Amino acid sequence: VIQFVSAMLYIKEGYFDKAIIAANRAKEIKKSNAGVYWMIFESYWRKGEDDKAIAEIEEWGKLEPYKERAKGCRKAYDKEGIKGIYKYLINYDLQKGIADNRPILMAEKYALLGEEEKALDWLEKAFGQNEIVPINNNLYFKNIKTEPRFIAMLEKMGLEDK
């Protein structure tokens, strides 16, 4: 848990090399933890190392429940690059009815794709479900930080800059 959380915090702060180290340690402890594969994927992608990022998706696909998604991610990547993966995952989550389980993840994906209104809609849904996470430092939301709806959510959460 400590390595997992450390990796997550390193990503949020932009320390991708440290995130990769911590996530790999977490993976050594529990190989079935799908989240560590995504942290490594994201870290490599943010470093501009797409080949290593997609290789991590393929590793993730060796875990039984994720084979179908990993294959879809690979096809989406081959067609549209990293953003294609996020488009594929949005559609997958919506079609399978799992998008509502973690609306913050949907908000991040939409924000990454530059679909600000949809990102804000999902953020509001997350807030309505009491899925309170520190969104003020989240790299995904850097392009919507000045949006009035985003600022209002920060204020409701007590995260606004004073």
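Among contacts in the protein chain of this predicted model between residues at least 6 apart in sequence, 48% join residues at least 24 apart. Buried residues account for 44% of the 162 residues in the chain. The secondary structure is easy to summarise: the chain has nine helices and zero strands, and reading along the sequence gives the pattern α-α-α-α-α-α-α-α-α. With a radius of gyration of 16 Å, close to the 15 Å that the globule rule gives for 162 residues, the chain is as compact as a globular protein of that length. The C-alpha trace spans about 45 × 35 × 25 Å along its principal axes.

Helix α6 is a good place to look at one element in detail. This helix covers residues 82–95, which makes 14 residues, and from its first C-alpha to its last it reaches 20 Å, close to the 20 Å expected at 1.5 Å a residue. The buried residues of α6 are Ile82, Gly84, Ile85, Tyr86, Tyr88, Leu89, Ile90, Tyr92 and Asp93. The cover over these buried residues includes α3 (34–46), α4 (50–60), α5 (67–80) and α7 (103–112). Just after α6 comes Gly97, which takes a positive phi of about 75 degrees.

Helix α3, one of those covering α6, also holds Glu42. The relative accessible area of Glu42 is 11%, and the cut-off for a buried residue is under 20%, so Glu42 counts as buried. Apart from its neighbours within four places in sequence, Glu42 is in contact with Ile11 and Tyr140.

Attention now turns to the empty space in the model. Rolling a probe the size of a water molecule over the atoms shows where such space is left. The largest pocket has a volume of about 1100 Å³. A total of 31 residues line this pocket, and the closest to its centre are Gly35, Trp38, Arg102, Leu105 and Glu108. Helices α1 (2–13), α3, α6 and α7 each supply at least two residues of the lining. Helix α1 gives the most to the lining of this pocket, with six residues. By class, the pocket lining has 19 nonpolar, four polar and eight charged residues.

Enclosed space was searched for as well. Across the whole structure, one cavity of 30 Å³ or more is found. The volume of the largest cavity is about 40 Å³. Its lining consists of Ile104, Leu123, Ala126, Phe127, Glu131, Val133, Ile135, Met153 and Met157. The elements that give two or more residues to this lining are α8 (116–128) and α9 (148–157). The largest share, three residues, comes from α8. Sorted by class, the lining of the largest cavity has eight nonpolar residues, no polar residues and one charged residue.

Taken together, these results link several helices to more than one feature. Helices α3 and α7 are among those that cover the buried residues of α6, and α3, α6 and α7 are also among the helices that supply at least two residues each to the lining of the largest pocket. For the largest cavity, the helices giving two or more lining residues are α8 and α9.

Methods
Residues are numbered from 1 along each chain as its sequence is written. This is a predicted model: local features need pLDDT of at least 70, side-chain atom pairs count only at pLDDT 80 or more; totals for chains, interfaces and linings use all residues. Side-chain values use heavy atoms; hydrogens and water are left out. On a 1 Å grid over the protein atoms alone, a cavity is a set of points where a 1.4 Å probe fits but cannot get out, and a pocket is an open set with protein on both sides within 12 Å along at least five of seven lines; lining residues have an atom within 4 Å of a point. Grid points are joined across faces, edges and corners, and a volume is the space filled by probe spheres set on the points. Helices (H or I, at least four residues) and strands (E, at least two) are DSSP runs, numbered from the N terminus. Ala, Val, Leu, Ile, Met, Phe, Trp, Tyr, Cys and Pro count as nonpolar, Asp, Glu, Lys and Arg as charged, and the others, Gly among them, as polar. The expected span of a helix is 1.5 Å times one less than its number of residues. Buried means under 20% relative accessible area, exposed over 50%, partly exposed in between (1.4 Å probe, protein chains only). Contact means heavy atoms within 4.5 Å. The radius of gyration is taken over C-alpha atoms; the globule rule is 2.2 Å times the number of residues to the power 0.38.
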